[in-house]
Amino acid sequence: MATITLDKVRKVYGGSVEAVKGVSIDIADGEFIVLVGPSGCGKSTLLRMMAGLEEITTGDIKIGDRVVNNVDPADRDIAMVFQNYALYPHMSVYNNLAYGLKNRGMAKDEIDRRVKEAARILEIGDYLERKPRALSGGQRQRVAMGRAIVREPAAFLFDEPLSNLDAKLRVQMRVEIKRLQRSLGTTSVYVTHDQLEAMTLADRLVVLNGGNIEQIGAPIDVYDKPASTFVASFIGSPAMNLLKVKADGNGLALATGTGLKGANAKGRDAYTIGIRPEHLEVVTAPGEGEGLHLEASVNVLEPVGAESYLYSSFADGGDEILVRVSSHARHEPGEKLYLRAAPENVHYFDAETGRRID
C-alpha cells in the first residue's frame, strides 16, 4: 500500500487545450478516493497520468515517496481495472489471472497461490477453466479485478469499471468493490461520472469541473454543504433546486417574481439559493411554521416507487422547483402548493461566482 500525491498537476494538449489545470490531491494510505464529474472534466486524464499512460505537462505525481513522472507504467507498482475488462479471449480465467505474473518471472507455486486466493476472494473459483466468452458481464468484471488483485500492488486505479453493466448488476458490483477494498486495504482511485456510484463508494469525493477541483470531502459533507452551485446540481439525485433571488425591502424575493418569504438578505443584492427536494415540506397554508416559504403550482406528479416527485412552477414564471413527497401523496396538475424549508436547509451561493456563502 502507499500514499499518492498530486502536486499542481497540469495536462495541456496541442499547446493550448488545458485538460487538467493545476490539480493537487493528497491520498492517504488505504484510502478510497473517487474522482467524479461530467464528461470532459479531466477525471480520466488524471487517472491515466497516475498510471503513466499520459505524460504530465507540469507538476509532480508521487506514489509513496517516489516521484513517478518519468517512471514506466509497469514499474509504478499500480494495477488498473478498465471499463472494457481487457481480457484475453483465447485464455482461460486461470491464465488471464496468471499471465502478468508469468511475464514477471514469478515462481509457479506463488502464481498458483495468488490466483487461487484472488479467485476465493472474488468467488470465481468455479470458473477458472472457462474462457471469457462463457462468463456473464459481472463475472468478467470480477476476473478483471482479480487480475489486478494478484499483482498485490501499492494502489488500484479503476477507470469506470461498471459502466458496461446493467443497473441491477452495477448495484451488486458496487457492494463487491467496496467490500473488496475494505478487506484488502489497498489505496484506490476510482473514476466515474455516476454521482450515485461516487457517493456509495468513496471515503472522499473529488468533484471535478473543467479541469479544476470544485470540492474535496466525505460524500455526506459534499452533499450537505456543496461548495458551489455546480456541486449542488451535480451531487444528489434528483439535483438541488437552485433559485435566483434578489434583495428587496422585506428580505429576498425570487428574481423572476414573487412567492418567497422567510429568507434573509445577507448584505448582498442578489443570490442563488439552494434547497434539496427532500427538504421541502408541503404545508396546508401560506406561512405555516418557521422557515422559508414558497408558493407554486403542480405540473407533473412522478411516482418512482417508495416516493414521488412533484415538478412544480411559480405563478410568475422563471425557475421551476422539484419536491419529494411520499408515494401515497396525491396532487393534481394545477394544484396550488404551499412549501416550507427549515432555515438550516437553505443554502446560499454568490449570484456571480456560484461559490457557497456561509
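Trainee: Buried means under 20% relative accessible area and exposed over 50%, with partly exposed in between (1.4 Å probe, protein chains only); so is R142 buried or exposed?

Mentor: R142 is buried, because its relative accessible area is 10%. Before we go on, keep in mind that this is a predicted model, in which local features need pLDDT of at least 70 and side-chain atom pairs count only at pLDDT 80 or more, while totals for chains, interfaces and linings use all residues. Residues are numbered from 1 along each chain as its sequence is written, and side-chain values use heavy atoms, leaving out hydrogens and water.

Trainee: OK, where does R142 lie, and what does it touch?

Mentor: R142 lies in helix 4, which covers residues 137-149; helices (H or I, at least four residues) and strands (E, at least two) are DSSP runs numbered from the N terminus. Leaving aside residues up to four places away in sequence, R142 touches L122, I124, Q172, M173 and E176, where a contact means heavy atoms within 4.5 Å.

Trainee: And which strands does helix 4 lie across?

Mentor: Helix 4 lies across strand 6 and strand 7, and runs at about 175° to strand 6. Axes are lines fitted to C-alpha atoms, for helices over the stretch in contact, and angles run from 0 to 180 degrees between N-to-C directions.

Trainee: What sheet do those two strands belong to?

Mentor: They belong to an open sheet of six strands, ordered 6-7-8-3-9-10, with mixed pairing; two strands pair if DSSP finds at least two bridges between them. Strand 6 (78-81) and strand 10 are the edge strands, each pairing on one side only, and the twist averages 15° from one strand to the next. Within this sheet, strand 7 (residues 155-159) and strand 8 (residues 187-192) run parallel and are joined by five bridges, with F158 standing opposite Y190.

Trainee: Switching topic, what about the sheet that has strand 1 in it?

Mentor: That one is an open sheet of four strands in the order 2-1-4-5, and its pairing is antiparallel. Its edges are strand 2 (17-27) and strand 5 (66-67), each of which pairs on one side only. Strand 1 (residues 4-13) pairs with strand 4 (residues 58-63) over five bridges, and among the bridge partners are D7 with D60 and R10 with T58.

Trainee: How do strand 4 and strand 5 connect?

Mentor: They form a hairpin with two residues between them, and G64 in the turn has a positive phi of about 70°. The two strands pair in the antiparallel sense over two bridges, and K62 stands opposite V67.

Trainee: Which strands does helix 1 lie across?

Mentor: Helix 1 (residues 43-51) lies across strand 1, strand 2 and strand 4, and it runs at about 115° to strand 1.

Trainee: One more residue: where is A218, and how much of it is accessible?

Mentor: A218 sits in the loop between strand 10 (212-217) and helix 7 (219-224), and it counts as partly exposed because its relative accessibility is 25%. Not counting residues up to four places away in sequence, A218 touches D203 and R204. Its C-alpha is 8.7 Å from that of M199, which is 19 residues away in sequence.

Trainee: And the whole chain, how many helices and strands?

Mentor: The chain has eight helices and 21 strands, and buried residues make up 49% of its 358 residues. Its C-alpha atoms fill a box of roughly 80 × 45 × 35 Å along the principal axes. Of the contacts between residues at least 6 apart in sequence, 66% join residues at least 24 apart.
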